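Work through the following exercises with the structure open beside you, and try each task before reading its solution.

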Amino acid sequence: MMTLERFEEASELVKKVTTPTKLMYSEVLSEQTGAKVYLKPENMQVTGAYKIRGAYYKIHTLTQEEKEKGLITASAGNHAQGVAFAAKASGCKAVIVMPTITPLIKVNRTKALGAEVILYGDVFDDACEKAKELAKEQGYTFVHPFNDLDVSIGQGTIAMEIVQELPTVDYILVPVGGGGLISGVATLAKMLNPKIRIIGVEPAEAASMLAALEAGHPVELPDANTIADGTAVKEVGELNFEYVQENVERIVTVEDDELIGVFLDMVENHKMIVENSGLLTVAALKQLDLRGKKVVCILSGGNMDVITMSSIVQHGLIQRDRIFSISVLMPDKPGELVHVAKTIADANGNVIKLEHNQFVSTNRNAAVELRITIEAFGPEHKERILNALATEGYKPRVIGTKLY
């Protein structure tokens, strides 16, 4: 059971392996919402996520014999690194089963933390079944990513730190995947102060906790296809579900498109890299009326590969109309290209890509095509640039933007 005594024990234990993640007051988010918004940056942990907390406390609960035999888990992300790091700190052997499609950087990072890595299956479920099979064969202790109350207690230590630092907190927003984090945070927060309200946030395409609460029990979604891959869980844990039922006020969902802009804001306004799952709580602020309240958004992790990062940034710039592409038809004569460029420059637009197509028409004197990708300050500036080109008679047409 999750008791205050065990939470207090865990809170002291995890200090041995965690990096202090002090609350960060966000002036930008506070101005936007009318609330006092604080960020709990678990993306700054040594493994890049909060998962180390639950893994370390879980290992503490094992017998000496179990520790000597070692532990095993399945993961393609944060849980793998959390278990690997915690096991190394505890002097335990750790075996991590990862899907064969896991990016090499994640595999190497997990190995670097001292774990033995086994690649098996195409998806997490395959790797998980293999891990359970090896646990029985080799006598390893299987550490579930979220359906384990010891793990939830470890994750819940975040609430202890929040309340100690901000005793008058009104709301804590928590990302939800399988329920391990929110069950621990919500249960301890209510023990410390029953007036604290807990709101869980899920990706709309993987809202397994919302489905479970509506049904009254965990249910399996047909799929969980979301860019918030750290919370892409088809079915929440049955062990922590009742704690969520009892201690969580509300679950809200966030569309993937909303996370793209929030990633850009987090980089530009707070100078932090936060993975999509960790941004769920910040994205949710727009749909909640929290004016006058003290709010903490848990940023659960920051592990994102650079390819995904570059894609998110590009889509974010396009989404915000800070980059857009147009097609312009013009006569093929000297000086016309210079005139188009000058018109854009005079409107303070910045050309970042240009393609000249002379074969759009059989009559080149009538029309050749310019495809121009332009950098702007936002929607209003974009319209000014388009209007300036239209005034010069070019009739710009907005087209799909491709930077590469």
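Two terms are needed at the outset: contact means heavy atoms within 4.5 Å, and angles run from 0 to 180 degrees between N-to-C directions, with axes taken as lines fitted to C-alpha atoms. The model used in these exercises is a predicted one.

**Exercise 1. State which strands helix α5 lies across, and trace how the chain passes through this helix.**

Solution. Begin with the placement of the helix: α5 lies across β3 and β4, and runs at about 170° to β4. Next, follow the chain, which leaves β3 (residues 71-74), passes through α5 (residues 78-90) and arrives at β4, making a β-α-β crossover that is right-handed. Finally, look at the two strands themselves, which run parallel and are joined by four bridges, with Val-97 in β4 as the bridge partner of Ala-74.

**Exercise 2. Determine the order of the strands in the open sheet, and find which strands stand at its edges.**

Solution. Start from β4 (residues 94-98), which is joined to β5 (residues 116-119) by four bridges, the two strands running parallel. Within this pair, Val-95 has Glu-116 as its bridge partner, while Met-98 stands opposite Leu-119. The connection from β4 to β5 goes through helix α6 (residues 104-112), and this β-α-β crossover is right-handed. Then turn to β3, which pairs with β6 (residues 141-142) in the parallel sense over two bridges, and where Ile-72 stands opposite Phe-142. Putting the pairs together gives an open sheet of four strands in the order β5-β4-β3-β6, with parallel pairing. Because β5 and β6 each have a single partner strand, they stand at the edges, and one side of each is left without a neighbour in the sheet.

**Exercise 3. Describe where the residues of strand β3 point, and say whether they are buried or exposed.**

Solution. In a regular strand the side chains alternate between the two faces of the sheet. In β3, Leu-71 and Thr-73 point one way, whereas Ile-72 and Ala-74 point the other way. As for accessibility, all of these residues are buried.

**Exercise 4. Classify the packing of helices α13 and α15, and characterise the residues of their contact.**

Solution. The axes of α13 (residues 256-270) and α15 (residues 306-319) are 8 Å apart, and the helices pack at an angle of about 100°. Angles of 65 to 115 degrees count as roughly perpendicular, and α13 and α15 are therefore roughly perpendicular to each other. On the side of α13, the residues that meet α15 are Asp-257, Ile-260, Gly-261, Phe-263 and Leu-264, and among those they meet in α15 are Met-309, Ile-312, Val-313 and His-315. The residues of this contact divide into seven nonpolar, four polar and one charged.

**Exercise 5. Decide for Ser-152 and for Glu-220 whether the residue is buried or exposed, and list contacts of each.**

Solution. Take Ser-152 in helix α8 (residues 149-155); because its relative accessibility is 0%, Ser-152 counts as buried. Beyond its neighbours within four places in sequence, Ser-152 is in contact with residues including Met-2, Phe-7, Phe-146 and Asn-240. Glu-220, by comparison, is found in the loop between α11 (208-215) and α12 (238-247), and because its relative accessibility is 57%, Glu-220 counts as exposed. Leaving aside neighbours within four places in sequence, Glu-220 is in contact with Lys-234 and Glu-235. The C-alpha atoms of Glu-220 and Lys-234 are 5.3 Å apart in space, although these residues are 14 residues apart in sequence.

Key: Residues numbered from 1 in each chain as written. Predicted model: local features only at pLDDT ≥ 70, side-chain atom pairs only at ≥ 80, totals over all residues. Heavy atoms only, no water. Pairing = 2+ DSSP bridges. Right-handed = clockwise from strand over helix to strand, strands pointing away. Parallel < 35°, antiparallel > 145°, perpendicular 65-115°, else oblique. Nonpolar A, V, L, I, M, F, W, Y, C, P; charged D, E, K, R; others polar. Buried < 20%, exposed > 50% of the residue type's maximum accessible area, 1.4 Å probe, protein only.
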